[in-house]
Amino acid sequence: MSTITAIETTDIRFPTSTMLDGSDAMNPDPDYSAAYLRIITDAADGLEGHGFVFTIGRGNDVQVAGIRALEGHLLGRDVEELLGSMGATWRELVYDSQLRWLGPEKGVMHMAIGAVVNALWDLKAKRAGLPLWQLLGRMSPEELVELVDFRYLTDAITPAEALDIFRAAVPGRAEREQALLDSGYPAYTTSPGWLGYDDEKLARLCREAVDDGFAQIKLKVGGDIDDDIRRLRIARETVGPDIRIATDANQRWDVQQAIDWMRRLQPFDIAWIEEPTSPDDVLGHAAIARGVAPIPVATGEHMANRVMFKQFLQADALGILQIDATRVAGVNENIVILLLAAKFGVPVCPHAGGVGLCELVQHLSYVDFVAVSGSREGRMIEFVDHLHEHFLAPVDVYDGRYWPPLLPGSGGEMRASSRSEFEFESAERV
Ligand SMILES: [Mg+2]
């Protein structure tokens with residue numbers, strides 16, 4: 001038996017706003033940050049569980065406080081008990097009778113739970129000597145169903161239906177694992193498209209994306225319609241007709257504005273429009289989806305929880321489902337979101353970028369391919385080439401594809417030197 005002896009949290013911030021990396025119509029100056037935690041035990045193996053919430057700067061200290069509020073569920077606890085029943089552990093955290101008031105199941109506390117859950121999965125995978133995607137992809141359908149809390153979901157998916165989806169994907173699991181190792185997983189790049197970049201840099205980065213083998217790029221839109229038309233023309237002329245161009249408005253528009261704006265961008269053959277309006281507006285997204293068809297609506301990176309994903313799917317309000325590794329309550333909740341996507345026949349194209357999101361979320365796409373949907377068709381993981389050097393297992397992306405990691409763990413462990421170098425000093429706080 002081993003016991004959790006300490007929870008160490010760190011407020012980590014990278015000064016990315018100085019380069020306008022990550023700039024879009026709603027977030028002009030992000031400082032990519034991580035509210036980071038280490039779960040330390042007294043086990044002789046010395047293994048630690050690492051997890052974090054991605055934020056974009058101010059408020060990262062609030063997110064750290066959210067994680068600290070969960071310490072009572074962790075300190076002194078039997079590690080084998082927590083890791084041995086991750087479904088029960090998830091429910092214990094999410095249904096804390098007092099902390100739940102701060103959501104329920106949304107915002108700072110829910111994301112804090114996600115960091116803790118992901119850190120526990122990191123520890124569990126390290127103890128198993130496997131990367132998280134292989135640990136999950138080799139669990140039995142019954143074990144996977146046990147991870148999921150079906151409360152509020154049974155009008156859309158029942159445990160029996162979930163079991164059927166997992167069981168249907170059992171044949172061919174080993175072949176799909178091998179296929180990932182042999183041929184990777186499709187990626188697309190957002191690097192060319194930040195709003196803060198000038199036209200020359202846009203064209204250069206578009207050319208580089210094609211040279212690097214990407215079949216899709218993404219451009220930020222929604223600041224100014226004439227700028228968007230000019231930038232899309234440059235991008236389309238640079239990449240040619242065969243490369244897909246997606247667009248992302250980062251919640252900038254009202255419903256009718258989104259429809260009108262996208263009709264003007266339609267001539268550039270748009271692969272999808274991402275986050276056209278408030279991430280909470282289910283009916284608004286449904287109206288936009290009807291109004292901009294055949295351009296599909298993509299969303300999910302700011303979706304608070306599994307109940308919202310359920311409603312968006314029930315309302316035909318999205319055509320591309322974008323999970324995020326640190327927005328909802330961790331791996332368990334993302335597994336049921338993958339199940340919902342499979343049930344409704346919608347492809348999952350994860351949100352990534354930021355700091356560490358590529359490292360984490362790739363595991364979930366591989367689990368989707370190996371053990372849930374069984375398909376890579378129409379699916380791809382976002383890639384942004386920033387800050388990977390700070391991780392123990394930086395993503396391996398080349399030829400326009402992600403190549404799966406084999407290092408045991410979740411992929412979310414940041415180098416100790418980076419954690420101390422970029423720890424935010426409270427005196428600097430603004
Ligand atoms: Mg986005």
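Strand 7 (residues 270–274) is largely enclosed by the rest of the structure, because five of its five residues are buried (a residue is buried if 20 or more other C-beta atoms, placed from the backbone, lie within 10 Å of its own, exposed if 12 or fewer, and partly exposed in between). Helices (H or I, at least four residues) and strands (E, at least two) are DSSP runs, numbered from the N terminus. The model is predicted, with local features needing pLDDT of at least 70 and side-chain atom pairs counting only at pLDDT 80 or more, while totals for chains, interfaces and linings use all residues. Residues are numbered from 1 along each chain as its sequence is written.

Strand 7 has partners in strand 6 and strand 8, where pairing requires that DSSP finds at least two bridges between two strands. Strand 6 (residues 244–248) runs parallel to strand 7 and is joined to it by three bridges, with I245 opposite I270. Between these two strands the chain passes through helix 11 (residues 255–265), giving a right-handed β-α-β crossover; right-handed here means that, with the strands pointing away from the viewer, the path from the first strand over the helix to the second runs clockwise. Strand 8 (residues 297–299) also pairs with strand 7 in the parallel sense, over two bridges, and A298 is the bridge partner of E274. Helix 12 (residues 282–292) carries the chain from strand 7 to strand 8 in a right-handed β-α-β crossover.

Helix 12 turns up again beside helix 13 (residues 306–314): together with helix 14 (330–344), helix 12 is among the elements covering the buried residues of helix 13. Those buried residues are R306, M308, F309, K310, F312 and L313. Just after helix 13, D316 adopts a positive phi of about 50°.

Turning to the N-terminal part, three strands make an open antiparallel sheet in the order 1-2-3. Its edges are strand 1 (4–13) and strand 3 (49–55), each pairing on one side only. Neighbouring strands are turned by 15° against each other on average, direction ignored (axes are lines fitted to C-alpha atoms, for helices over the stretch in contact, and angles run from 0 to 180 degrees between N-to-C directions). Seven bridges link strand 2 (residues 33–41) to strand 3 in the antiparallel sense, and I39 stands opposite G49. Helix 4 (residues 107–128) lies across strand 2 and strand 3, at about 150° to strand 3; contact requires C-beta atoms, placed from the backbone, within 7 Å.

Terms used. Two residues are in contact if their C-beta atoms, placed from the backbone, lie within 7 Å.
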